[in-house]
Amino acid sequence: MARVRAMPAESDQPDRWEAQLRKGALEMAALASLWPGRLYGLEIIRFLENRSRLVLAEGTIYPILNRLKAEGLLTSVWVEAEAGHPRKYYSLTDAGRLRLRQMAEAWVSFSGGLTELLEPVLEHQEIPQ
């Protein structure tokens with residue numbers, strides 16, 4: 001039987017794949033940014049950039065935060081700033097902390113398995129057949 005070599009579709013380009021991977025992890029990352037305590041939107045964006053190298057636009061994070069709040073995983077409160085406009089601070093609820101712990105456990109298990117699988121690739125070794 002002849003082997004068919006699949007050609008990558010245009011939508012399967014590496015940069016698109018990486019974007020999809022990041023998009024899938026954003027909910028967990030947003031929750032994780034709030035683990036230490038409450039933050040407002042721009043602080044969350046900066047936290048993620050500094051701690052995870054995830055670069056997000058404001059238009060990306062706020063829909064995620066609103067959805068997480070609607071799911072009962074976050075609360076928010078407006079706080080008057082000494083200078084400037086009031087800021088909306090987000091905090092994890094107990095349900096949000098539980099969900100984040102579950103997500104973290106699943107991620108570590110999943111990514112650990114993939115890391116083990118990919119070590120030979122990164123070391124440029126052949127995988128035994």
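A pocket, as the word is used here, is an open set of grid points with protein on both sides within 12 Å along at least five of seven lines. In this predicted model, the largest pocket holds about 710 Å³ of space. Its lining is made up of 24 residues, and those lying nearest the centre are L21, A25, M28, W107 and S111. Three elements each give two or more residues to that lining, namely α1 (14-33), α2 (41-52) and α4 (94-122). Of the elements, α4 gives the most, putting in ten residues. Sorted by class, the lining of the largest pocket comes out as 16 nonpolar residues, with four polar and four charged ones alongside.

Next comes the second largest pocket, with about 210 Å³ of space. Its lining can be written out in full: Y40, G41, L42, E58, Y62, W78, H85, P86, R87, K88 and Y90. Here the elements giving two or more residues are α2, α3 (58-70) and β3 (87-92). The largest share belongs to β3, which supplies three residues. Helix α2 thus turns up in both lists, giving two or more residues to the largest pocket and two or more to the second largest. As for class, the second lining splits into six nonpolar, two polar and three charged residues.

One residue of helix α1 deserves a look of its own, and that is S33. Is S33 buried or exposed? With a relative accessible area of 1%, S33 falls under the 20% cut-off and so counts as buried. Setting aside the neighbours within four places in sequence, the residues in contact with S33 are L39, I44, F47 and L48.

Stepping back to the whole chain, there are four helices and three strands. Going along the sequence, they follow the pattern α-β-α-α-β-β-α. The chain runs to 129 residues, and 22% of them count as buried. About 9900 Å² of the chain is exposed, with 55% of that area coming from carbon and sulfur atoms. Contacts within the chain were also sorted by how far apart the partners sit in sequence. Taking contacts between residues at least 6 apart, 50% of them join residues at least 24 apart.

Terms used:
Residues are numbered from 1 along each chain as its sequence is written. This is a predicted model: local features need pLDDT of at least 70, side-chain atom pairs count only at pLDDT 80 or more; totals for chains, interfaces and linings use all residues. Side-chain values use heavy atoms; hydrogens and water are left out. On a 1 Å grid over the protein atoms alone, a cavity is a set of points where a 1.4 Å probe fits but cannot get out, and a pocket is an open set with protein on both sides within 12 Å along at least five of seven lines; lining residues have an atom within 4 Å of a point. Grid points are joined across faces, edges and corners, and a volume is the space filled by probe spheres set on the points. Ala, Val, Leu, Ile, Met, Phe, Trp, Tyr, Cys and Pro count as nonpolar, Asp, Glu, Lys and Arg as charged, and the others, Gly among them, as polar. Buried means under 20% relative accessible area, exposed over 50%, partly exposed in between (1.4 Å probe, protein chains only). Contact means heavy atoms within 4.5 Å. Accessible areas come from the Shrake-Rupley method with a 1.4 Å probe; for residues, only the protein chains shown count as cover.
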